[in-house]
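Work through the exercises below with the model open. Try each task before you read its solution.

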Amino acid sequence: MFNREHTDIKDKELIFRDLLSTGRSTMLALGKESDPICEFALSTAAGLEKTPRLLESRFLYDARGSEIYENICAQPEYYLTRTEASMLDRFAAQISRITGSVTLLELGSGNSAKMDSLFREFLEQSSRIRYLPVDVSSSALRQAGKDIRRKFPDVHVIGIHSTYEKMFPLLSCFSPSLILFLGSTIGNLDEQETIRFFSRMTRQMEDGDFFLLGIDLVKDPALLEAAYNDAAGVTREFTRNLFVRMNRELGSGIDLETVEHEAKYNPDLRRIEIAARFDRGQQIRISPLGRTFSVRSGEKIRTEISRKFVLDEMPPFLSAFGLELREVFTDEKKWFGLLLLQKTRPSTLKPIYDA
Ligand SMILES: C[S@@+](CC[C@H](N)C(=O)[O-])C[C@H]1O[C@@H](n2cnc3c(N)ncnc32)[C@H](O)[C@@H]1O
């Protein structure tokens with residue numbers, strides 16, 4: 001394993017091409033040029049300046065956050081992971097037949113646990129396959145790498161510690177590829193962020209590359225709300241951990257006893273909205289920036305959204321980005337959807353340039 005600092009995309013391309021040719025499993029960090037504490041501080045301050053206040057959900061996943069998320073996935077109310085994993089078991093062979101032999105690149109890969117059935121099917125086609133998990137959580141990547149090497153020695157794993165956005169400019173290095181975005185993680189982005197995500201990603205995909213998208217579908221609000229309010233209080237701990245992280249990394253000085261987890265379904269926006277509600281007023285310090293924000297008693301700070309989707313609405317939306325539907329899969333209860341798409345032509349939308 002090694003970490004290196006590289007600011008230039010061309011340098012990164014060369015490193016990747018080198019790593020791909022050696023076949024050595026490793027881990028690489030993109031964006032090491034920026035200071036992670038400073039990035040967290042700036043993002044938190046920007047979110048606390050907004051009305052209503054909100055924090056970027058990617059910061060939920062420090063080492064402890066990733067651990068708690070795995071525990072959420074095991075809760076009986078959290079049907080998403082179980083449902084999607086059993087669909088992948090059922091449809092992996094069909095997916096691999098459609099894509100043929102490709103590099104597997106997973107965005108927001110977490111523990112990579114759902115990949116097993118795909119690895120098995122792709123290893124039927126080729127004696128050795130390549131897998132690039134991309135995640136902001138270095139602890140999750142490290143553990144996933146170890147687990148995969150133990151279970152599947154013929155999978156060449158290159159873990160990439162990075163945001164999705166920093167990875168996009170390098171996507172063409174791995175073509176032909178199947179890019180996976182599972183767990184309905186796309187639902188954590190609001191509508192504008194989703195458009196920006198697809199616009200930037202598809203501009204960097206080569207024609208013929210595939211994309212597998214897992215989405216949680218609109219259903220009874222009681223089932224949705226239960227999934228984000230598990231009886232064991234694991235999701236509550238996940239929300240509170242963000243403030244534990246702020247205290248540790250930003251010196252925020254928050255009394256954690258005042259932070260309560262709230263998750264409600266907003267039917268107009270078709271999304272679960274998760275917030276921390278403060279039972280008493282607080283002064284939140286962002287020490288690296290020398291700033292303090294006052295939070296009123298009863299005030300909520302949004303920590304995450306989880307949008308829910310209607311299956312039939314997705315193909316026309318994705319087609320505007322040049323992604324054509326190749327196959328759609330769902331479970332018996334129609335709770336979850338998997339869309340296999342292929343980049344066939346340029347986006348018909350105006351490009352959105354990186355800030
Ligand atoms: C909802 S979890 C899904 C994990 C896994 N794909 C699954 O299906 O169980 C989201 C994952 O995306 C990662 N993540 C969140 N925001 C990210 C970002 N902007 N860039 C890269 N990874 C991100 C988190 O660390 C976490 O592992």
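**Charges over rings**

The charged end of Lys333 lies over the ring of Trp335, 4.4 Å from the ring centre. This is a predicted model; local features need pLDDT of at least 70, side-chain atom pairs count only at pLDDT 80 or more, and totals for chains, interfaces and linings use all residues. Residues are numbered from 1 along each chain as its sequence is written, and side-chain values use heavy atoms, with hydrogens and water left out.

**Exercise 1.** Find the residue that lies over the face of Phe40.

Step 1. Apply the criterion: NZ of Lys or CZ of Arg within 6 Å of the ring centre and within 35 degrees of the ring normal.
Step 2. Read off the residue: Arg245, at 4.8 Å from the ring centre of Phe40.

**Exercise 2.** Classify the ring pair of Tyr69 and Phe238, then place both residues in the chain.

Step 1. Recall the terms. Rings of Phe, Tyr and Trp (its six-membered ring) pair if their centres lie within 6.5 Å; planes under 30 degrees apart are stacked, over 60 edge-to-face, the rest tilted. The structure holds 20 aromatic pairs.
Step 2. Tyr69 and Phe238 are 6.3 Å apart, centre to centre, with 45 degrees between the planes, a tilted pair.
Step 3. Tyr69 is in helix H3 (residues 63-73) and Phe238 in helix H10 (residues 234-250), so the pair links parts of the chain 169 residues apart. Helices are DSSP runs (H or I, at least four residues), numbered from the N terminus.
Step 4. Check accessibility: buried is under 20% relative accessible area, exposed over 50%, partly exposed in between (1.4 Å probe, protein chains only). Tyr69 is partly exposed because its value is 21%. Phe238 is buried at 2%.

**Exercise 3.** Which type of aromatic pair do Phe317 and Phe321 form?

Step 1. Their centres are 5.3 Å apart and their planes 70 degrees apart, which makes the pair edge-to-face.
Step 2. Phe317 is partly exposed at 29%, whereas Phe321 is buried at 1%.
Step 3. Ring pairs join both to a cluster that includes Tyr164, Phe168 and Phe181.

**Exercise 4.** Describe the contact between domain 1 and domain 2.

Step 1. Take the bounds, from an automatic or database domain assignment: domain 1 is 9-34 + 100-218 + 309-343, and domain 2 is 37-72 + 221-307.
Step 2. Their centres, over C-alpha atoms, are 27 Å apart.
Step 3. Domain 1 gives 22 residues to the contact and domain 2 gives 18 residues. Contact means heavy atoms within 4.5 Å.

Definitions and conventions
Helices (H or I, at least four residues) and strands (E, at least two) are DSSP runs, numbered from the N terminus.
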